[in-house]
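Visitor: Please take me through one part of this protein at close range. I would like the place where two helices cross, and then the residues around it.

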Amino acid sequence: NHTLLTEFVLSGLSSHPELQHLLLLMFSLVYTTAVIGNLLICMVTLHPTLQVPMYFFLRVLSFLDISTASTVVPKMLVSFLSEDRNISYMGCVTQLYCVVFLATIEWYLLAAMAYDRYVAVCNPLRYTVIMNTRVCLSLVLLSCCSGNVVSVVQTAWVFTLPFCGPRKINYFFCDIPPLILLSCTDTLLYEKQIITATVLVILMPFCLIVVSYACIISSILKISSTDSRHKTFSTCFSHLIVVTLYCTSGTLIYLQPKSSNSQDTKKVLALIYTTIIPTLNPLIYSLRNKEVREVLIRMVAVLVKK
């Protein structure tokens with residue numbers, strides 16, 4: 001028998017009462033760090049001296065990171081304080097749509113950023129021609145349109161599945177794998193479809209990113225200056241670590257969407273791309289950058305003088 005659900009219950013991150021206050025403190029700090037760090041990047045990259053494509057993409061990335069964390073973490077923090085972990089049916093629909101939408105945009109944006117770095121390093125004389133304002137805006141707009149299509153399809157498909165029996169989602173937010181576990185129908189076709197989406201949304205951009213950085217590293221090896229090689233290698237390596245972490249967590253979650261024996265593992269993996277990555281991105285992509293640091297220091301100095 002199919003049950004008409006008006007709300008779901010999120011199990012939360014942990015079922016141990018003694019850990020709730022510790023988790024609340026820890027993730028409050030992580031969330032605050034993510035929001036403040038990304039807001040700083042949004043503000044700093046508006047400076048007139050940083051009006052180049054790389055910083056435009058970083059500004060968009062920071063906005064996406066704030067949005068992703070804000071879609072998931074506040075509800076999780078409330079669950080640490082309250083026994084009421086209900087989420088309305090439409091609230092769950094909205095949260096799933098936003099998570100998929102933002103994650104899809106971020107993957108395509110990371111691929112665009114890798115291409116931008118490839119052009120800057122491997123074809124510097126034509127950089128301003130290739131990566132002009134129109135191209136940059138088009139890449140972001142295309143990422144947003146792709147994110148909307150993917151998110152609408154995924155969300156609509158999940159919520160057309162019949163849900164029966166338990167309404168408890170063994171997760172800390174509404175996501176595809178725990179939701180399809182509640183369905184009382186055969187989801188094999190949907191599982192194949194989500195695997196296809198994972199390949200298109202995560203693995204293909206990841207391959208493009210790896211190819212771009214491989215070309216960059218190949219060009220770096222031709223640089224005679226040891227200091228320049230070391231600096232560029234360090235930047236590429238840190239970027240690839242974050243992207244690989246993002247890719248690994250996403251693919252392990254969505255390539256086996258109905259694997260019920262690994263929900264606790266999937267919670268940890270989901271934390272990586274919804275909370276940890278948004279906290280790391282400002283440090284990895286921006287605050288390690290000398291130009292960004294100099295502008296930030298000048299802005300702080302001006303504020304102190306006032």
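Guide: What follows starts with the whole chain, moves to one helix crossing, and ends with single residues.

This is a predicted model, where local features need pLDDT of at least 70, side-chain atom pairs count only at pLDDT 80 or more, and totals for chains, interfaces and linings use all residues. Residues are numbered from 1 along each chain as its sequence is written, and side-chain values use heavy atoms, with hydrogens and water left out.

First, the setting. The protein has 10 helices and 3 strands. Both kinds of element are DSSP runs, numbered from the N terminus: helices are H or I with at least four residues, strands are E with at least two. From the N terminus, the order is β-α-α-β-α-α-α-β-α-α-α-α-α. The radius of gyration is 21 Å, close to the 19 Å from the globule rule for 306 residues, so the protein is as compact as a globular protein of that length. That radius is taken over C-alpha atoms, and the rule is 2.2 Å times the number of residues to the power 0.38. Along the principal axes, the C-alpha atoms fill a box of roughly 70 × 50 × 30 Å.

Next, surface and contacts. Of the 306 residues, 49% are buried. Buried means under 20% relative accessible area, exposed means over 50%, and partly exposed lies in between (1.4 Å probe, protein chains only). The accessible surface comes to about 15,300 Å², and 68% of it belongs to carbon and sulfur atoms. These areas come from the Shrake-Rupley method with a 1.4 Å probe; for residues, only the protein chains shown count as cover. Among contacts with a separation of 6 or more, 78% join residues 24 or more positions apart. Contact means heavy atoms within 4.5 Å.

Now the crossing itself. Helix H1 spans residues 20–44 and helix H10 spans residues 290–305; their axes come within 10 Å and cross at roughly 90°. Axes are lines fitted to C-alpha atoms, for helices over the stretch in contact, and angles run from 0 to 180 degrees between N-to-C directions. H1 is therefore roughly perpendicular to H10. The angle classes are these: under 35 degrees is roughly parallel, over 145 roughly antiparallel, 65 to 115 roughly perpendicular, and the rest oblique. H1 supplies Leu40, Ile41, Met43 and Val44 to the contact, while H10 supplies Val292, Val295, Leu296 and Met299. By class, the contact holds 8 nonpolar residues, no polar and no charged. Nonpolar covers Ala, Val, Leu, Ile, Met, Phe, Trp, Tyr, Cys and Pro; charged covers Asp, Glu, Lys and Arg; the others, Gly among them, are polar.

Look at Ile297, also in helix H10. Ile297 has 58% relative accessibility and so counts as exposed. Ile297 and Val44 are 253 residues apart along the chain, yet their C-alpha atoms are separated by 9.9 Å.

Ahead of H1 sits Ser14, in the loop between strand E1 (7–10) and H1. Ser14 counts as buried, at 12% relative accessibility. Setting aside residues up to four places away in sequence, Ser14 touches Leu19, Gln20, Leu23 and Arg85. Asp264 is 250 residues from Ser14 in sequence but 9.1 Å away, C-alpha to C-alpha.

Helix H9, residues 263–287, contains Thr275. Thr275 is buried at 2% relative accessibility. With residues up to four places away left out, Thr275 touches Phe27, Val30 and Val73. Tyr285 is in helix H9 too. Tyr285 is buried, with 9% relative accessibility. Beyond its neighbours within four places, Tyr285 is in contact with Leu58, Leu61, Leu110, Met113, His239, Val242 and Val243. Tyr285 and Thr155 are 130 residues apart in sequence and 31 Å apart in space, C-alpha to C-alpha.

Two further residues complete the tour. Thr104 lies in helix H3, residues 89–122. At 2% relative accessibility, Thr104 is buried. Apart from its neighbours within four places, Thr104 is in contact with Ser146, Gly147, Val150 and Val201. Ile217 is in helix H7, residues 188–220. Ile217 counts as partly exposed, at 25% relative accessibility. Ile217 and Pro178 are 39 residues apart along the chain, and their C-alpha atoms are separated by 40 Å.
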